[in-house]
Amino acid sequence: DDQPPNPYYIDVPESIALTQKEAIKLAIAEGQIEMARWLVEHKLESSFEELHAAVRQQQVDLVKLFLDSGMLPFEPTAPSQMAGRRNSDRETLFEIANAEILPLLLAKVPKEQLPKALDEDQRITLLNRTLAKRDLAKARVLFEHGSSLEDSSLIESLLKRPEDNRKYSGYSNRNAPKARSTPLNPHQVEFVEVLIQKGVSVDNPSLLNLAAQSGDLALIKILL
């Protein structure tokens, strides 16, 4: 009998009952962080869903506890571990993590699985999507941990409208991306210079078009 015990049955141990009812996840959702920490420290079995909740709410200490307990930062695939999963296409932990939590997650990724964590096998990588959000602190973490800088669309991701940067969106010459209405601020322009210094290609004809659309003269000067 491989079925998990019914948490409402009177003879089920309390630790199993609490786990089945996702006590840690509920504590995180209600903002009861000390309660969640106590439950984890007292060896209550935790699930990926609870790690996901802790990352989303940027609870650094809890994330450390989950990871130190041996949990990996990948969505489980075994049927017995998939209870409570809402959507197989949802954002990964690496995508929702902030710049402080992301290094903790990446440190637990085996070297051979790092390209998967960084979505290097996807048409739009994690670094692309991070730049699309103009999250420069997190982008720095990504290229410090091995994100490829060979993609000529990286700078373009900073310039395009959010709707042109969606994970699965695409466009052709008949449906070219449009620029955001505001140019890059000086800090962001400096970041583009860093990317160029690190070898990111500017050999992308849309870059000048996008910079011109937003009236970004400072960016045009470093692209030429």
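# Helix α10 and its surroundings

Guide: Helices α10 and α12 lie roughly parallel to each other, a label for angles under 35 degrees, whereas over 145 counts as roughly antiparallel, 65 to 115 as roughly perpendicular and the rest as oblique. The model is predicted: local features need pLDDT of at least 70, side-chain atom pairs count only at pLDDT 80 or more, and totals for chains, interfaces and linings use all residues. Residues are numbered from 1 along each chain as its sequence is written, and side-chain values use heavy atoms, with hydrogens and water left out.

Visitor: At roughly what angle do the axes of α10 and α12 cross?

Guide: Axes are lines fitted to C-alpha atoms, for helices over the stretch in contact, and angles run from 0 to 180 degrees between N-to-C directions. The two axes come within 12 Å of each other. Their crossing angle is roughly 15°.

Visitor: Is the crossing of α10 and α12 left-handed or right-handed?

Guide: The sense is left-handed if the near helix is turned anticlockwise from the far one by less than a right angle, and right-handed if clockwise. The way α10 passes α12 is left-handed.

Visitor: Which residues of α12 meet α10?

Guide: Contact means heavy atoms within 4.5 Å. On the α10 side, the participants are Leu136, Ala139, Arg140 and Phe143. Their partners in α12 are His187, Gln188, Phe191, Val194 and Leu195.

Visitor: How do the residues of that contact divide into nonpolar, polar and charged?

Guide: Ala, Val, Leu, Ile, Met, Phe, Trp, Tyr, Cys and Pro count as nonpolar, Asp, Glu, Lys and Arg as charged, and the others, Gly among them, as polar. By this scheme, the contact of α10 with α12 comprises six nonpolar, two polar and one charged.

Visitor: Which helices are included in the cover of the buried residues of α10?

Guide: Buried means under 20% relative accessible area, exposed over 50% and partly exposed in between, with a 1.4 Å probe and protein chains only. In α10, which spans residues 136–144, Leu136, Lys138, Ala139, Val141, Leu142 and Phe143 are buried. The cover includes α6, α7, α9, α11 and α12.

Visitor: Is alanine 137 buried or partly exposed?

Guide: Alanine 137 belongs to helix α10. Its C-alpha atom is separated by 9.0 Å from that of glutamate 100, 37 residues apart along the chain. With 44% relative accessibility, alanine 137 is partly exposed.

Visitor: What is the phi of arginine 134, in the loop between α9 and α10?

Guide: Most residues other than glycine have a negative phi. Arginine 134 lies in the loop between α9 and α10 and counts as buried at 17% relative accessibility. Although arginine 134 is not a glycine, its phi is positive, at about 55°.

Visitor: Which residues does leucine 184 touch, not counting those up to four places away in sequence?

Guide: Leucine 184 is found in the loop between α11 and α12. Its relative accessible area is 8%, so it is buried. Leucine 184 touches Arg134, Leu158, Leu159, Val189, Val192, Asp216 and Leu219.

Visitor: How many residues of helix α4 are buried?

Guide: Helix α4 covers residues 48–56 and is mostly covered. Among its buried residues are Phe48, Glu50, His52 and Val55. The count for its nine residues is eight.

Visitor: What is the relative accessible area of glutamine 58?

Guide: Glutamine 58 follows α4 and is found in the loop between α4 and α5. Its phi is near 60°, a positive value in a residue other than glycine. Glutamine 58 is partly exposed, with a relative accessible area of 47%.

Visitor: What separates the C-alpha atoms of isoleucine 33 and leucine 62?

Guide: Isoleucine 33 lies in helix α3 and is buried, with a relative accessible area of 13%. Not counting residues up to four places away in sequence, isoleucine 33 touches Ala27, Ile28, Gln59 and Leu62. Isoleucine 33 and leucine 62 are 29 residues apart along the chain, and their C-alpha separation is 8.1 Å.

Visitor: How many helices does the protein have?

Guide: Helices (H or I, at least four residues) and strands (E, at least two) are DSSP runs, numbered from the N terminus. Strands number zero. The number of helices is 14.

Visitor: What percentage of the accessible surface belongs to carbon and sulfur atoms?

Guide: Accessible areas come from the Shrake-Rupley method with a 1.4 Å probe; for residues, only the protein chains shown count as cover. Of the 224 residues of the protein, 43% count as buried. The accessible surface comes to about 13,000 Å², and the share belonging to carbon and sulfur atoms is 50%.
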